[in-house]
Amino acid sequence: MSTVFALKNRVLLLNGSNWEPLAVISVPRAINLLLAGKAVVIEQSGQFLQTIREQFPVPSVIALRTYINVPRRQAHWSRKGVLVRDNYTCIYCGVQPGSLAKGKPLSKHDFTVDHIFPKSRGGKDTWTNTACACYNCNHRKGDKLPNELNMKLKWEPKTPRTSYLVIAIGTGPDAWKRYIEIHKD
Ligand SMILES: [Zn+2]
């Protein structure tokens with residue numbers, strides 16, 4: 001609960017009414033928005049910021065009181081972004097870091113980016129053509145299409161709003177992750 005640590009924390013800012021993630025902001029900026037009455041606390045971090053006169057609970061997630069219209073930006077594709085978007089879960093068999101494969105727990109290094117329509121056949125580096133896969137499934141699939149091997153996608157890969165937010169939320173506290181789950185389109 002140290003003040004210095006709390007100041008270094010980041011706060012997830014959501015839009016009003018639909019709770020769409022807008023940005024990751026600093027604690028002072030979040031507190032300013034709260035004090036100005038422009039935002040409300042959605043989740044607390046459990047930490048406190050001590051000033052000379054007062055003690056502020058440090059939020060983890062806040063939302064604007066009103067909805068603001070933000071133009072949709074196309075997220076820049078990246079391998080890391082795909083892995084974080086999919087939370088290191090294999091789109092074919094569903095294993096995750098910690099799942100057992102041949103008696104050993106998998107780590108994040110056991111996952112790669114799979115091109116659903118293979119690159120060798122003209123598949124592109126796009127959000128909708130790529131997904132996280134474990135090495136087993138990626139190897140098994142090779143240069144085939146999933147339906148040629150009777151492999152099913154567990155979900156439909158979607159374009160996230162911004163790669164920045166996907167990375168930031170993916171590396172942030174667990175409490176943030178549910179907000180990107182809702183807004184993968
Ligand atoms: Zn797999």
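A nonpolar core, as I will use the term, is a set of buried Ala, Val, Leu, Ile, Met, Phe, Trp, Tyr and Cys residues joined through C-beta atoms within 7 Å. I begin there since the cores are what I want to show you first, and please keep in mind throughout that this is a predicted model.

In this model the largest nonpolar core has 15 residues, and the ones with the most contacts inside it are Cys90, Phe111, Cys132 and Ala133. Helix α3, residues 79-85, and strand β8, residues 130-134, each supply at least two residues of this core, and β8 gives the most to it, with four residues. If we take Ala133 as a viewpoint and leave aside its neighbours within four places in sequence, we find it in contact with Cys90, Ile91, Tyr92, Phe111, Thr112, Asp114 and Asn138. Apart from this core lies another, of 14 residues, among them Leu14, Ala63, Trp176 and Tyr179.

Let me step back to the chain as a whole. It has six helices and eight strands, and read along the sequence they follow the pattern α-β-β-α-β-β-α-β-β-β-β-α-α-α. Of the 185 residues, 26% count as buried. Among the contacts between residues at least 6 apart in sequence, 60% join residues at least 24 apart.

Now to strand β1, residues 10-14, which takes us back to Leu14, one of the residues of the second core. Four of the five residues of β1 are buried, so the strand is largely enclosed by the rest of the structure. Which way does β1 run relative to β2 and to β4, parallel or antiparallel? With strand β2, residues 21-26, β1 is joined by five bridges and the two run antiparallel, whereas with strand β4, residues 55-64, there are three bridges and the two run parallel. To give you a residue on each side, the bridge partner of Leu14 in β2 is Pro21, while Leu13 stands opposite Ile62 in β4. The strands β1 and β2 form a hairpin with six residues between them, and in that turn Ser17 has a positive phi of about 65 degrees.

Following the chain onward, we come to helix α2, residues 27-35, in which Val27, Ala30 and Leu33 are buried. Why do these three belong to one side of the helix? They cover an arc of only 125 degrees around the axis, which puts them on the same side of α2. The general background is that an α-helix has 3.6 residues a turn, so residues three or four places apart point the same way. The face of α2 turned away from that buried side carries the exposed residues Pro28 and Leu35. Just after α2, Gly37 takes a positive phi of about 75 degrees.

That brings me to backbone angles. Most residues other than glycine have a negative phi, and with that in mind I would point out two positions in loops. Lys102, although it is not a glycine, has a positive phi of about 50 degrees; it is placed in the loop between β5, residues 100-101, and β6, and with 6 C-beta neighbours inside 10 Å it counts as exposed. Asn150, again not a glycine, has a positive phi of about 60 degrees; it is found in the loop between α4 and α5, and it is exposed, with 6 other C-beta atoms within 10 Å.

I will finish with two further loop residues and what they touch. Lys108 is found in the loop between β6, residues 104-105, and β7, residues 111-115. Is Lys108 buried or exposed? With 11 C-beta neighbours inside 10 Å, Lys108 counts as exposed, since the cut-off for that class is 12 or fewer. Leaving aside its neighbours within four places in sequence, Lys108 is nevertheless in contact with Tyr88 and Pro97, and its C-alpha atom is separated by 8.0 Å from that of Gln96, 12 residues apart along the chain.

Thr159 lies in the loop between α4, residues 135-141, and α5, residues 163-170, and it is partly exposed, with 16 other C-beta atoms within 10 Å. Not counting residues up to four places away in sequence, Thr159 touches Ala75, Trp127 and Thr128. The C-alpha atoms of Thr159 and Val82, which are 77 residues apart along the chain, are separated by 9.4 Å.

Key. Residues numbered from 1 in each chain as written. Predicted model: local features only at pLDDT ≥ 70, side-chain atom pairs only at ≥ 80, totals over all residues. Buried ≥ 20, exposed ≤ 12 C-beta atoms within 10 Å, placed from the backbone. Arc of directions from axis to C-beta. Contact = placed C-beta atoms within 7 Å. Pairing = 2+ DSSP bridges.
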